[in-house]
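Colleague: Please take one part of this model and go through its packing closely. I would like the contacts residue by residue, with the criteria stated.

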Amino acid sequence: MIETILDYVVIIAVALLSIMIHECAHGYAALYMGDSTAKDRGRLTLNPVKHIDPFGLLCMVLFKFGWAKPVPINPVRFSDRKKGMRLVSIAGVTANMIMSIVFAVLLRIFMYFDLYYLNLFFVYGIQLNIGYAVFNLVPLPPLDGSKLIATFLPRKYEYYMYKYEKYLYIILIALIYTGVLTDIISIPINGIYYFILNAIVF
């Protein structure tokens, strides 16, 4: 029982870290492109309370993918709106993939030591960051993938995507609840996970 609780403590700790890095990456990318909205609202912080979406965090703990409270941005303030949205959209995913590699390197260093929970932290760090990155590339709102795709659409269709965002969000929730999304994204998640393990850890 205690071991199970400790396992969940480790998962939650990794999930919070993954969420914070992901959202801060969005905020700093926006700031780089000329929009200080996230900074002005105190979102460029590693304080997890600022970033947590309770349901998204629960999904990360249970399914190893989820989401956080979106960082506020104002694309109008970008020096280049399309370029800014692309950079902001991909920043969080890139940060999570970098983190998964960092955790893999740390696991490679410490795996021969008798430090079970530390190594478990690294393993979950690899899994959750890959899962978070892949999940966020799904092209449905409010995920980063939808915003990335929108930047390549003509302005008319980009407008419609944002206009009907709340309805597409319902589709996303339905796919999660039915397990359909899990079946789909588990393929690239597992593929990347074992590739990183084979390339770095073993």
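Modeller: Helix 4 (residues 81-110) packs against helix 9 (residues 180-201) at an angle of about 45°, their axes lying 9 Å apart. The model is predicted, so local features need pLDDT of at least 70 and side-chain atom pairs count only at pLDDT 80 or more, while totals for chains, interfaces and linings use all residues. Residues are numbered from 1 along each chain as its sequence is written, and side-chain values use heavy atoms, with hydrogens and water left out.

Helices (H or I, at least four residues) and strands (E, at least two) are DSSP runs numbered from the N terminus. Axes are lines fitted to C-alpha atoms, for helices over the stretch in contact, and angles run from 0 to 180 degrees between N-to-C directions. Helix 4 and helix 9 are therefore oblique to each other; angles under 35 degrees count as roughly parallel, over 145 as roughly antiparallel, 65 to 115 as roughly perpendicular, and the rest as oblique. The crossing of helix 4 and helix 9 is right-handed, meaning that the near helix is turned clockwise from the far one by less than a right angle, whereas anticlockwise would be left-handed.

On the helix 4 side, the residues in contact (heavy atoms within 4.5 Å) are Met-97, Ser-100, Ile-101, Ala-104, Val-105, Leu-107 and Arg-108. They meet Ile-192, Ile-196, Leu-197, Ile-200 and Val-201 of helix 9. By class, these residues are 10 nonpolar, 1 polar and 1 charged. Here Ala, Val, Leu, Ile, Met, Phe, Trp, Tyr, Cys and Pro count as nonpolar, Asp, Glu, Lys and Arg as charged, and the others, Gly among them, as polar.

Helix 9 also packs against helix 5, at an angle of about 135° and with the axes 9 Å apart. Helix 5 and helix 9 are therefore oblique as well, and their crossing is right-handed. Helix 5 contributes Val-123, Ile-126, Gln-127, Ile-130, Gly-131, Val-134 and Phe-135. Their partners in helix 9 are Leu-181, Ile-185, Pro-188, Ile-189, Ile-192, Tyr-193, Ile-196 and Leu-197. This contact has 13 nonpolar, 2 polar and no charged residues.

Ile-130 links the two contacts: beyond its neighbours within four places in sequence, it touches Met-97, Ser-100, Ile-189, Ile-192, Tyr-193 and Ile-196.

A nonpolar core is a set of buried Ala, Val, Leu, Ile, Met, Phe, Trp, Tyr and Cys residues joined through side-chain atoms within 4.5 Å. Buried means under 20% relative accessible area, exposed over 50%, and partly exposed in between (1.4 Å probe, protein chains only). The largest such core has 24 residues, of which Trp-67, Ile-126, Ile-130, Phe-135, Leu-172, Leu-181 and Ile-185 touch the most other members. Helix 4, helix 5 (116-136), helix 8 (165-178) and helix 9 each give it two or more residues. Helix 9 gives the most, with 7 residues. Another core of 14 residues lies apart from it, with Ile-19, Val-61, Leu-120 and Tyr-132 among them.

Helix 4 has a further residue to note, Ser-89. Ser-89 counts as buried because its relative accessibility is 3%. Not counting residues up to four places away in sequence, Ser-89 touches His-26, Asp-144, Lys-147 and Leu-148.
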